[in-house]
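Colleague: Could you take me on a close look at the sheet in this model? I would like to hear how the strands are ordered and how they pair.

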Amino acid sequence: MFASTPMLLAEGAMGPLGDFLPFILMIGVFYFLVLRPMSKQEKERKQRLSELKRGDRVVLTGGLIGRISRVDEDIVVVEIADKVKVRVLKKDVADFEEAALSQAKKDRGDKGDKGAKAKDDKAKDDKDTKAKDDEKGARANDDDGGDASRKAG
């Protein structure tokens with residue numbers, strides 16, 4: 001009975017701040033690992049969008065690549081093919097073409113080797129399966145032909 005009294009005192013000594021300390025630490029980690037880098041990227045993107053000018057090659061959020069023909073306050077006219085122009089909001093311009101393509105190459109470089117190996121393995125499996133199916137088909141035709149000749153003869 002006396003041994004449990006110090007434990008109760010130790011639990012109460014942390015107080016209300018001690019109960020919320022893990023939660024406060026999680027919020028701090030979330031801020032520094034997620035929110036702060038995202039806000040930094042958004043500021044850089046807004047800076048790039050403010051610098052858009054005629055002739056820049058851009059990538060739109062839908063993946064279309066084109067050249068800027070005209071820049072208004074909130075609208076950009078992008079030429080996506082010869083004599084094909086679309087009006088888009090500035091916020092729908094994802095990035096400049098060079099930056100977007102270099103990012104895509106970087107992403108593909110990390111995953112591209114695995115994807116190429118998987119495609120090669122799948123092609124090999126498909127060839128093996130087709131060869132087995134052809135072999136089974138040839139055996140079935142041999143069996144049918146033999147039975148038909150026995151029945152006829």
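Modeller: Happy to; here is a walk through the sheet, strand by strand. Please keep in mind that the model is predicted. The sheet is an open one made of 5 strands, in the order β4-β3-β2-β1-β5, and the pairing is antiparallel. At its edges lie β4 (84-89) and β5 (93-96), each of which pairs on one side only. On average, neighbouring strands of this sheet are turned by 45° against each other, direction ignored.

Let's begin with β1, residues 57-60, which pairs with β2, residues 65-71, in the antiparallel sense over 3 bridges. These two strands form a hairpin with 4 residues between them. In that turn sits G63, with a positive phi of about 100°. Across the β1 and β2 pairing, R57 stands opposite R67.

R67 is a handy residue for stepping onward, since on the β3 side R67 stands opposite E79. Here β2 and β3 run antiparallel and are joined by 4 bridges. They too make a hairpin, with 3 residues between them. So if you find R67 in β2 on your screen, you can look towards R57 and towards E79 in β3.

From β3, residues 75-81, the next step is to β4, and this antiparallel pairing runs over 6 bridges. A pair to look for here is V77, which stands opposite R87 in β4. That brings us to an edge of the sheet, as β4 pairs on one side only.

As you view these strands, one general point may help: in a regular strand the side chains alternate between the two faces of the sheet.

Conventions:
Residues numbered from 1 in each chain as written. Predicted model: local features only at pLDDT ≥ 70, side-chain atom pairs only at ≥ 80, totals over all residues. Heavy atoms only, no water. Pairing = 2+ DSSP bridges. Axes fitted to C-alpha atoms, helices over the stretch in contact; angles between N-to-C directions.
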